[in-house]
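Got the model loaded in your viewer? Let's walk through it one selection at a time.

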Amino acid sequence: MPTWIVHGGKKLKGKLKVQGAKNAVLPIMAACILGGGTSRLTNCPELSDKNASIDILRHLGCKVKCCNNEIVIDSNDVCKSYIPHELMLKMRSSVMYMGAILARTGEVRLSKPGGCELGSRPIDLHLKALKALGAEISEEGGEVYCRAKKLRGANIHLDFPSVGATENAMLASCAAEGETVICNAACEPEIVDLQNFLRLKGVKVSGAGSSIVKISGFAPKEFTFHRIMPDRIAASTYLCAAASCGGEIILEDVVPNHFYTVITSLRAMGCDIMCGSNYVRIKSSGRLKVGRPIVTKPYPGFPTDSQALMMASCLKAEGTSVFVENIFENRFRHVPEMRRLGADIRTEGRVAIVTGVKELSGAPVSACDLRGGAALVLSGLISEGETRVYDVGHIERGYERFEFALSSLGADIKRQ
Ligand code: EPZ
């Protein structure tokens with residue numbers, strides 16, 4: 001896997017158009033197989049996860065054209081209902097194809113996505129939702145098989161507001177007879193973007209963004225056009241970089257409200273942040289002081305995906321910061337790597353205590369997962385000397401041209 005060489009100490013300056021949202025384009029690509037027709041998606045980020053999703057669509061029988069940040073998907077000839085293990089291995093969130101394939105073909109078989117760097121990542125809530133809609137489910141040889149002669153609308157209650165389970169339930173219920181009500185649905189903005197796309201495809205759906213989502217019918221449209229929403233976690237990443245490096249940057253094509261918890265946390269640490277309708281401007285001296293505890297929660301709480309990024313901003317802040325990771329059981333894997341740079345972090349279960357240090361010194365570090373890897377790059381930007389970041393493939397799953405985006409803002413980062 002390629003390596004990035006980072007030399008710390010540079011302030012950031014300039015403007016950056018933030019990429020389209022990884023966690024919106026992936027479920028929307030799965031939704032393209034519903035009801036056939038052609039879908040044109042713009043503002044799609046160039047990511048390895050997106051490419052893995054294109055491989056799945058082509059395997060299922062779709063014709064997919066991809067050019068720059070645009071994807072055109074013709075799903076009239078979908079003919080398969082099985083995702084082979086090697087395609088599932090490339091991207092664990094392929095599990096969100098389950099609901100769409102079941103709705104389109106009446107059955108679906110895929111290998112159970114393993115756990116990942118963040119924890120066991122069970123899919124019990126996904127399966128419970130599909131069962132409520134009338135699917136018969138069996139598991140053998142590490143594979144899940146769902147079949148439904150007829151999907152029927154149901155009241156689905158999610159024990160936890162799982163993003164993926166909400167998306168799978170929404171996609172499967174598009175083919176159900178009668179109304180489906182999903183209670184305790186995830187409220188993330190990416191669910192709203194999926195609802196917006198489904199409406200354009202002819203689905204009667206409402207309530208996304210709240211904990212009650214209703215789906216009650218589908219009159220497929222031949223052609224659908226949709227612009228993917230901006231990536232709130234990528235935006236938060238560049239904000240955290242500017243906060244700790246110091247300087248002044250403007251992020252364009254963002255929805256400030258989508259990452260307001262990150263904005264308010266950085267303001268509490270001493271950053272001057274101004275929000276416009278579709279841009280955010282941050283000014284920072286680079287000398288931060290500890291703000292309020294960072295406690296991750298389902299949206300609209302502080303996003304788990306921004307926990308590691310905020311931690312990088314706190315490594316040299318004045319005072320002691322407290323982090324509580326409530327969503328995933330193993331989302332502090334970046335901590336030992338940050339310690340290699342001289343960070344003072346103690347962890348106990350789901351709690352991390354970060355005591356700001358005066359200096360960090362560059363060292364070789366390895367990315368263990370997507371957001372933790374990005375946080376290591378941010379940590380290298382505020383470390384003296386050279387930091388070599390290995391296994392950057394994890395980071396390229398979710399960030400479009402990350403090293404170029406940062407170097408366009410003045411960071412000293414090069415691919416080796
Ligand atoms: C989505 O993952 C995102 N991925 C994640 O982003 C994000 O961290 C997560 O939502 C939470 O916001 C995509 O959208 C592709 P969940 P997902 O189901 O759907 C437990 C990134 O960095 N759970 O909301 O898998 C689960 O174990 C990625 O961009 C069950 O117990 O998240 C976890 O503890 C990482 N049973 C919690 O719920 C289930 O059936 C949240 O998971 C499903 C989930």
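A residue counts as near a molecule or strand if one of its heavy atoms lies within 4 Å of it. With that in hand, two housekeeping notes. This is a predicted model, in which local features need pLDDT of at least 70 and side-chain atom pairs count only at pLDDT 80 or more, while totals for chains, interfaces and linings use all residues. Residues are numbered from 1 along each chain as its sequence is written, and side-chain values use heavy atoms, with hydrogens and water left out.

**Stop 1: the ligand**

Select the ligand and show what surrounds it. There are 22 residues around it, and Asp-124, Ser-162, Gly-164, Asp-305 and Ile-327 come nearest.

Now look for polar contacts (pairs of N or O atoms within 3.5 Å; within protein, one must be able to donate a hydrogen and the other to accept it, and residues adjacent in sequence count only if both atoms are side-chain atoms). Start at Ser-162, where a side-chain N or O atom is 2.7 Å from an oxygen atom of the ligand. Next, click on the backbone of Gly-164: one of its N or O atoms lies 2.8 Å from a ligand oxygen. Then show the side chain of Arg-331, which has an N or O atom 3.3 Å from an oxygen atom of the ligand. The ligand on its own has 820 Å² of accessible area, and the protein covers 87% of that. Those areas come from the Shrake-Rupley method with a 1.4 Å probe; for residues, only the protein chains shown count as cover.

Which helices each supply at least two residues of the shell? Colour helix 1 (22-31), helix 5 (124-132), helix 6 (163-173) and helix 12 (370-381). Helices here are DSSP runs of H or I with at least four residues, strands are runs of E with at least two, and both are numbered from the N terminus. Helix 5 gives the most to the shell, with 3 residues.

Colour the shell by residue type and you get 9 nonpolar, 6 polar and 7 charged. In this scheme Ala, Val, Leu, Ile, Met, Phe, Trp, Tyr, Cys and Pro are nonpolar, Asp, Glu, Lys and Arg are charged, and the others, Gly among them, are polar.

**Stop 2: an open pocket**

Move to the second largest pocket, which holds about 470 Å³ of space. To find its middle, select Ser-244, Gly-286, Arg-287, Lys-316 and Lys-358, the closest to the centre among the 24 lining residues. The lining divides into 6 nonpolar, 9 polar and 9 charged residues.

How is a pocket told from a cavity? On a 1 Å grid over the protein atoms alone, a cavity is a set of points where a 1.4 Å probe fits but cannot get out, whereas a pocket is an open set with protein on both sides within 12 Å along at least five of seven lines; lining residues have an atom within 4 Å of a point. Grid points are joined across faces, edges and corners, and a volume is the space filled by probe spheres set on the points.

**Stop 3: the cavities and helix 10**

There are 2 cavities of 30 Å³ or more. For the largest, at about 40 Å³, select lining residues including Ser-265, Met-269, Arg-292, Met-310 and Cys-314.

The second largest cavity also has a volume of about 40 Å³. Its lining includes Asp-305, Gln-307, Ala-308, Arg-331 and Arg-371, and the elements giving two or more residues to it are helix 10 and helix 12. By type, this lining has 1 nonpolar, 4 polar and 4 charged residues.

Now select helix 10 (residues 307-314): 8 of its 8 residues are buried. Buried means under 20% relative accessible area, exposed over 50%, and partly exposed in between (1.4 Å probe, protein chains only).

**Stop 4: backbone oddities**

Go to Pro-300, in the loop between strand 18 (294-295) and helix 10. A cis peptide bond joins Tyr-299 to Pro-300, with omega at about 10°.

Next is Asn-43, a non-glycine with a positive phi of about 60°. Asn-43 sits in the loop between strand 3 (38-42) and helix 2 (48-60), and is buried at 10% relative accessible area.

Finish at Asp-391, another non-glycine residue with positive phi, about 55°. Look for Asp-391 in the loop between strand 23 (386-390) and helix 13 (393-396); at 30% relative accessibility, it counts as partly exposed.
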